[in-house]
Amino acid sequence: MASSDSAAVHADHRKASGKIAALLRSQMRNIAPFLTLILLSAFFAVASPSFATIDNVGNILTQVSVTGIIAVGLTFVILCAEIDLSIASIANVTGIAVAYFTAQESYVNIANIPLPGWAAILLALALCAGLGLINALGLTLIGIPSFIMTLAMMQIAAGISALLVRGQIAYKVPDLIATLGSASIGGIPWIVIVAALMLLIGHLVLTYTRFGRYVYMVGGNREAAEYSGLNVKLILGSVMVIAAVCSGIGGMLGVAHFGSAQQNEFDTYLLDSIAAVVVGGTSLFGGRGGIGNTIVGLFVLGVLNNGLDHVNIDSFLKILIRGLILLAALVINVYAQRLRAKAAE
Amino acid sequence: MSEARSPILELTQITKAFGGVEALRGVDFALYPGEVHGLVGENGAGKSTLMKIIAGVHPEFSGRFMLDGRETRFRSTRDSRAAGIAMVHQELSVAPDLSVAENVFFGVQPTNRLGLVQWRRMAREAGEQLARFGIHVDPMCRLGDLPIGLQQLIEIARVLFSGARIIILDEPTSALSPPEVERLFATLRRLRDAGTAIVFISHFIEDILNISDTVTVFRNGRKVAETAAAATTKAELIEAMIGKGREALEETYTHDVALPPPSRQPVVLTANGLSLSRSLREVSFQARAGEVLGIYGFMGCGQIELARILFGKLRPDRGTLEVAGKAKAFASTADARRAGIAFVPESRRAMLFHQEPVYKNVSISILDRISSVWLKPARERAIAMRQVEQLQIRPTAVELDLGMLSGGNQQKVALAKWLTFPPRLLVLCEPTRGMDVGAKNDVIHIVRSLREQGLAIIVLSTEPETVLSLADRILVLKRGAVVREFANEAISKDRLLEAA
């Protein structure tokens, strides 16, 4: 009898600690990225006196802004268990397009079409939305997997970019874009404000609107979404267009931020955006995560990139370290999915 | 009979909880080589949970687990497979994109000395094994292209021929036709006589009594009875399962069921000459308001395809649909839903979001009617709570992830999705498959009350009992064509089976 009593006590203990463990397991996807961010920040703060300063926090915010704007749309796509590899190319071509429709200085050797600023912006937005729509149609109507469809679009957008600038560099963009991309208000760069606003809007849409719920449900179980009478193709198509338009906005502001529009300017943003979303803990299998995760992911990448500069590390080693951090995040992502599935059983 | 031998598997005081809900409470269970051990109990009684512990699906539980007289702990299904345990789960778990042969030899493909897969040998042996089991299909065709019932048979065959010494079958017969069940039982008896230990879970008490040596009854996570199959009766088992006084619930349908005269209410849906490649041939019928139309046929008769055409998931090659007198060509399931059609597929996995809370599952199909751009979570919860109460879904917490509910309760959630705003036409596939007597009865009551409200209801099933218990008019579908209609007459299970 005594042994069974102690077994019961033991079981009680296990039950209590089991509950906490189950909660931790189910929240692993949110906890792990946040811990990573805190650890990285602490490490760099100790390693370099110039890291943990107000100025540098401002630097990090500015540095992650373009990635942040692009990552908003990508978060929608990944939540639906799809992928968009054309985001950086679409950002690039949209940035180039807005410059192409703006009067350039006489020394810029591009046969461009100068238009009023508002027209240039509208045309550039129409271009990225159009490219996103082609992605959407390829994915939903023809049934090309998004990985392949957007791989093709990556080339198409790069091709349009090349044709527009022909190896040259354009500098002028409409005033509104120039202001939002490179000016500040009250010491805060406009681009940070735009990125924050877009992240906020993305979060509101995903969390509080019907469309946002549909995105999560389609990502969680596409078959069930279809048998619930949702228009799955419309939802998938919409997220592809949203991703392209976010990329386009990021591209226009990025061009203003960098001060020039040229070929291959955004190449690193593809990996950075995917990394931000996934490192933040949004599930590659869809249905889990959100803008909150993306923000944490952005800061992890931002702190990492910025911090590595402060500790004066070999710039070639930086690339490798970034790759390793991404790998670690992917491992956590997959494990979090598994643990969550177990906790739900 | 097996008392002299020692058990191959002996579980003592097994307890397992999911998120505070106890699924098993101190259960003892012993399994002997060369016996078929039947398990019965209502949905959520703990049968499947216990079997999943044995199969290594749930590695965390308390209690003692002895295999071959040694204390063992499986950390995963891999460990249990290595120990010679194989399980057929209630929900289909096959690889639809692989060939039939690859599924049969999943993980144990025959290889040559270079480690390359011997495709021809694999195809031949898979074909032979399946043929022994009465299945004649091309072993190299994609499994997902076959009807669901055949896929289930192939999954069973894979496990039976895997060489496992402990085989667990969770509701294997629900999708099978009577001759298929007979073939399954013959194979099980052969394996038992060769020394395999078999656990057989079913809601079909006749099947349990027919095949089992020992029967164990579960209720509310406890073992309430264990007896030799020869020493008990169906009535006794049902009494143990659900308590006294409810034996009448289990209809046997050996006598005639009287179908009422045809309804005179308006036609809600007209199907004209629906045809779909090899699945359906010139299927025409009408469904009227306030009437339950039963469509019966064996697995693979084209029911699944027909149901999907009605809900806009498949488009027919030929033929038309009219809803309330207007011709409709659904481009998507969303079109069908907007036309007032509701659909519950035969698989809960295809219908529900297991990682989302119950209330989001209940509200998903009506979000556009209860909210515009912005969600109204308070309203969603209120609606879900009302449905949970009306359909007696347990547990009642609407915040709980759906995956934590038992199968029968999940099925009720699948129905609840459509009931807040009653549709014109409700298409139900296998509405009571794998459900216990009590839950079945609940579903029957729900369907009848919906009929009284004036809905047109189509019930498609491979179980004669389901159709007989629900339908006012019955169509028999055979090889994709309507071969018989029963209306305004008395009909028995035998005559229905004969027609199919």
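How far apart do the C-alpha centres of domain 1 of chain B and domain 2 of chain B lie? I began with this in what is a predicted model, and I found the two centres 30 Å apart. I took domain 1 of chain B as residues 2-244 and domain 2 as residues 257-499.

I then looked up the contact between these domains, to which domain 1 of chain B gives 22 residues and domain 2 of chain B gives 23 residues. On the side of domain 1 of chain B that touches domain 2 of chain B, I noted that α5 (148-160) and α8 (234-242) of chain B each supply at least two residues, and that α5(B) has the largest share, with three residues. I sorted the residues of that side into 11 nonpolar, eight polar and three charged.

Next I turned to the largest nonpolar core, which holds 251 residues and in which Val98(A), Val427(B) and Ile457(B) touch the most other members. I saw that helix α10 (residues 232-258) of chain A gives the most to this core, with 16 residues. Because domain 1 and domain 2 of chain B both give residues to this core, I recorded that it lies between them. Leaving aside residues up to four places away in sequence, I listed the contacts of Ile457(B), among them Val292(B), Leu293(B), Val447(B) and Arg451(B).

Finally I checked α10(A) against helix α6 (residues 175-182) of chain A, and found that their axes come within 7 Å and cross at roughly 75°; since an angle of 65 to 115 degrees counts as roughly perpendicular, I entered the pair as such. Ile177(A) and Leu180(A) are among the α6(A) residues of this contact, and Met252(A) and Leu253(A) among those of α10(A). The residues of this contact comprise seven nonpolar, three polar and no charged.

Key: Residues numbered from 1 in each chain as written. Chains lettered and ligands numbered in written order. Predicted model: local features only at pLDDT ≥ 70, side-chain atom pairs only at ≥ 80, totals over all residues. Core = buried A, V, L, I, M, F, W, Y, C linked by C-beta atoms within 7 Å. Buried ≥ 20, exposed ≤ 12 C-beta atoms within 10 Å, placed from the backbone. Helix = DSSP H or I, 4+ residues; strand = E, 2+ residues; numbered from the N terminus. Domains from an automatic or database assignment. Contact = placed C-beta atoms within 7 Å. Axes fitted to C-alpha atoms, helices over the stretch in contact; angles between N-to-C directions. Parallel < 35°, antiparallel > 145°, perpendicular 65-115°, else oblique. Nonpolar A, V, L, I, M, F, W, Y, C, P; charged D, E, K, R; others polar.
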